[in-house]
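Thanks for coming. I will put one model on the screen and go through its charged pairs, its voids and a few backbone details.

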Amino acid sequence: MWSRGRRRSRDSQTRTSGSTPRRRRGSTKDCSDGRSLALGLQPCAALVRMLFQDELDRMRDSFWSVLPLALHGAVVIAAFLTVPIDRKPSSATAWLLLIVSAPFFGVLLFLAIGSPKLPKRRRKLQRQMTRMIAAALAETGSAAESGPAPPESLGERMAPHAQLAERLGGMPPMTGNGIEILHGYEDIIVRMAEAIGRARHYAHVEFYVIAMDATTEPLFAAMEAAVARGVTVRLLLDQMGSRKFPRRKAMEARLTGAGVQWRYMLPVLNPRELLRIDLRNHRKILVVDSLEALTGSLNLIAPGYHRKDDISYEELCVRLTGPAVFELEAVFVTDWYSETGELLDASFHPAVETGSRESGQGVTAQVLPSGSGFDDENNLRLFTGLMHAARRSLVVATPYFVPDDALMLAITSAAERGVAVTLINSEAVDQTFVVYAQRSFYEQLMQAGIDVRLYPAPALLHAKAMVVDGDLAAIGSSNLDIRSFTLNMEVTLLLYGEVAVAPLKHALDAYAACARPLDLAHWRKRPLGARAVENLARLTSALQ
């Protein structure tokens with residue numbers, strides 16, 4: 001009794017003091033059984049690992065070895081479903097070859113430069129401006145003897161080209177113009193400065209490259225003087241085209257200080273609008289008071305482009321008066337609107353003085369803008385059509401000739417049907433990869449019967465012009481290469497009739513006379529290494 005009472009007392013003390021409650025009956029045995037079971041399973045697990053470890057290692061190794069192949073296959077399948085959309089077969093093939101052979105690099109490059117079009121906002125704006133310009137030009141000179149001309153009025157042979165250009169760019173052929181072909185580098189810049197000196201209302205300046213140096217000083221001085229006398233000067237320059245030349249910051253400060261309204265075209269690294277870095281505005285335009293304009297191949301920089309070698313550029317431009325000046329101005333107005341959001345009001349424009357009053361020529365001219373803001377490759381379609389139309393002669397001057405399949409077929413077919421075709425390139429090399437790419441076409445051109453001529457170094461003939469049968473011509477900023485067809489924003493002036501074309505034909509004939517003709521047999525003897533580099537450059541040129 002006593003001992004039982006003492007046990008109760010101890011139990012009561014334990015409960016009262018809050019000590020650990022008494023372990024349930026049988027719990028020690030359960031834990032022992034669990035530990036025993038675990039100890040019993042350890043040899044089984046070890047046996048399983050011993051029996052299947054090699055297989056597990058092989059499965060793990062197989063997974064990591066197959067994963068890259070699976071990812072590569074997925075990338076290739078995605079590329080085949082994506083890359084060919086709205087892309088030429090040659091370009092799609094080149095991109096697919098790059099992605100299949102080097103998927104990581106190829107995908108990154110495609111994401112960076114795979115789309116050859118401007119953003120949707122700019123393309124929509126271009127369509128809107130094209131419609132507005134077409135409507136405005138239809139009213140220009142409608143009651144006068146100069147102004148818009150129906151394409152059919154140009155005759156059965158020329159009408160299709162005028163109709164095509166109007167369909168693509170929204171600008172009709174304009175009658176009653178005066179033209180003057182300009183060559184001589186410094187002379188062209190002096191003529192531009194003189195035109196700005198005559199400005200009473202405004203001067204619009206748009207060039208791919210603008211640099212401040214001794215050669216362009218007369219132009220900068222003319223712009224400063226124009227602003228000082230109350231003339232509005234607006235200036236557009238391509239950001240990437242002008243970035244690498246000396247005194248750029250000083251030039252920017254001088255333009256701002258003088259009161260010139262200026263903007264960079266297609267600025268890169270703009271967080272509000274990401275652009276492909278090589279989509280550039282390559283146009284060259286000067287318009288003064290809607291009375292006179294200039295376009296062609298010249299950039300506003302010293303003839304040597306501040307290079308370290310002895311290359312010097314030779315240029316070809318055209319001065320234009322008459323109603324077609326409105327069309328060049330419309331191109332500037334569109335680009336100004338794209339970069340600034342300001343739509344210029346045409347109400348202050350002075351009345352147009354027609355070229356027929358100034359020069360007595362009264363020629364027909366038409367402007368065709370092109371570039372990545374349009375749905376079509378406007379200049380490529382035009383040039384291909386002109387080549388197919390040639391009957392007797394075709395003379396082409398271009399610093400860079402890297403055609404697509406359609407243009408190559410057009411120019412070789414012209415020669416093979418008996419047309420005398422002359423292509424003028426240059427001996428001087430300023431862009432190594434581009435020059436190697438164009439050289440890869442020389443043998444095929446000469447086999448077709450084309451007279452390929454190289455303008456002698458150190459001069460580089462930078463002229464961009466084409467004359468068909470002596471009565472149909474094109475001159476402007478566009479090269480005959482895939483970049484100008486697909487990526488660059490360009491402008492081309494079409495000239496109709498022998499009177500309009502004769503000065504340009506004379507200039508191209510003079511260039512051809514100075515150039516050295518290539519010999520097919522001798523050209524075929526060039527080194528194998530040169531051929532390999534040419535073929536590689538030709539292949540990569542399709543990556544647009």
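This is a predicted model, and there are 25 salt bridges in it. I will take three of them in turn.

Start with glutamate 180 and arginine 319, whose side chains form a salt bridge with an N to O distance of 3.9 Å. Glutamate 180 sits in strand β2, residues 174-183, and arginine 319 in strand β9, residues 316-321, so this pair ties together parts that are 139 residues apart in sequence. For anyone checking against the cut-off, a salt bridge here needs the side-chain nitrogen within 4 Å of a carboxyl oxygen. How exposed or buried are the two partners? Glutamate 180 is partly exposed, because its relative accessible area is 30%. Arginine 319 counts as buried, because its relative accessibility is 15%; the limit for buried is under 20%. Both residues also belong to a network of salt bridges, which links Glu180, Arg191, Glu194, Arg198, Glu292 and Arg319.

The second pair is glutamate 217 with arginine 254, where the closest N and O atoms are 2.9 Å apart. Here the glutamate is in helix α8, residues 217-228, and the arginine in helix α10, so the bridge ties together parts 37 residues apart in sequence. Glutamate 217 has a relative accessible area of 32%, so it is partly exposed.

The third pair is glutamate 443 and arginine 524, meeting at 3.3 Å, N to O. This one links distant parts of the chain: glutamate 443 is in helix α16, residues 442-447, while arginine 524 is in the loop between α19 (520-523) and α20, 81 residues apart. Arginine 524 is partly exposed, with a relative accessible area of 39%.

Now the voids. How many cavities of 30 Å³ or more does the structure hold? The number is 5, and the largest cavity contains about 90 Å³ of space. It is lined by 14 residues, and those closest to its centre are Phe383, Lys464, Ala465, Met466 and Ser478. Two or more lining residues come from each of β11 (393-397), β16 (465-468) and β17 (472-476). Of the elements, β17 gives the largest share, 3 residues.

The largest pocket has a volume of about 1100 Å³. There are 41 residues in its lining, with Tyr208, Tyr400, Gln431, Val434 and Arg483 closest to the centre. The elements contributing two or more residues are α4, α9 (239-242), α15 (432-439), α17 (482-486) and α20 (528-540).

Helix α4, residues 103-113, also holds leucine 111. Leucine 111 joins Phe104 and Leu108 in a nonpolar surface patch of about 380 Å². At 65% relative accessibility, leucine 111 counts as exposed, the threshold being over 50%.

At the other end of the accessibility scale I picked isoleucine 424, in strand β13, residues 420-426. Isoleucine 424 is buried, because its relative accessible area is 0%. Its C-alpha atom is 6.1 Å from that of valine 396, although the two are 28 residues apart along the chain.

On to backbone geometry. Most residues other than glycine have a negative phi, and most peptide bonds are trans. Which peptide bond is cis? The one from alanine 457 to proline 458, with omega near 5°. Proline 458 lies in the loop between β14 (451-455) and β15 (459-461).

Two positive phi values are also worth a look. Arginine 247, which is not a glycine, has phi of about 65°, and it lies in the loop between α9 and α10 (248-258). Aspartate 469 has phi near 55°, again positive in a residue other than glycine. The aspartate is in the loop between β16 and β17, and it is buried, with a relative accessible area of 4%.

Last, the annotation. An unreviewed UniProt entry places the feature "domain: PLD phosphodiesterase" at residues 277-300 and 457-484. In the model, residues 277-300 are 0% helix and 42% strand, with the end C-alpha atoms 22 Å apart. Residues 457-484 are 11% helix and 50% strand, and there the end C-alpha atoms lie 24 Å apart.

That is the end of my list, and I can take questions.

Note on methods
Residues are numbered from 1 along each chain as its sequence is written. This is a predicted model: local features need pLDDT of at least 70, side-chain atom pairs count only at pLDDT 80 or more; totals for chains, interfaces and linings use all residues. Side-chain values use heavy atoms; hydrogens and water are left out. UniProt positions are given in the numbering used here, feature names are shortened, and annotations may be inferred rather than shown by experiment. Patches are made of residues with over 30% relative accessible area and no salt bridge: like charges are joined within 9 Å, nonpolar side chains (Val, Leu, Ile, Met, Phe, Trp, Tyr) within 5 Å. Accessible areas come from the Shrake-Rupley method with a 1.4 Å probe; for residues, only the protein chains shown count as cover. Buried means under 20% relative accessible area, exposed over 50%, partly exposed in between (1.4 Å probe, protein chains only). On a 1 Å grid over the protein atoms alone, a cavity is a set of points where a 1.4 Å probe fits but cannot get out, and a pocket is an open set with protein on both sides within 12 Å along at least five of seven lines; lining residues have an atom within 4 Å of a point. Grid points are joined across faces, edges and corners, and a volume is the space filled by probe spheres set on the points.
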